[in-house]
Amino acid sequence: MKNLINLFAKDEEAAVTVDWVVLTAAVVGIAIAVAATIQTGLNTAATSISTGIGNSVTNELSN
């Protein structure tokens, strides 16, 4: 078993695999951060639009 681990550690493909895992983790982390940022902005915009429509309907009904 120790020999297998040593062979894997010396193999260049192992280094490439680690590189891809780190790169993939970074991309996923950035995607989560972007999604959270966009979600906050969209919730604010949706609330503003909803309030505006509600006020317009209320004003039209009261006239």
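**A spread-out helical chain**

The protein has an accessible surface of about 5,600 Å² (Shrake-Rupley method, 1.4 Å probe; for residues, only the protein chains shown count as cover). Carbon and sulfur atoms hold 69% of that surface. This is a predicted model, in which local features need pLDDT of at least 70, side-chain atom pairs count only at pLDDT 80 or more, and totals for chains, interfaces and linings use all residues. Residues are numbered from 1 along each chain as its sequence is written, and side-chain values use heavy atoms, with hydrogens and water left out.

Start with the fold. The protein has 2 helices and 0 strands (DSSP runs numbered from the N terminus: helices H or I, at least four residues; strands E, at least two). Its radius of gyration, taken over C-alpha atoms, is 26 Å. The globule rule (2.2 Å times the number of residues to the power 0.38) gives 11 Å for 63 residues, so the protein is more spread out than a compact globule. The C-alpha trace spans about 85 × 15 × 10 Å along its principal axes.

Now look at burial. Buried residues (under 20% relative accessible area, with a 1.4 Å probe and protein chains only) make up 2% of the 63 residues. Helix H2 covers residues 12-62 and contains Leu-23. Leu-23 is partly exposed (between the 20% and 50% limits), at 44% relative accessible area. Ile-30 is also found in helix H2. Ile-30 counts as exposed (over 50%), at 57% relative accessibility.

Finally, take a distance. Ile-30 and Leu-7 are 23 residues apart along the chain. Their C-alpha atoms are separated by 34 Å.
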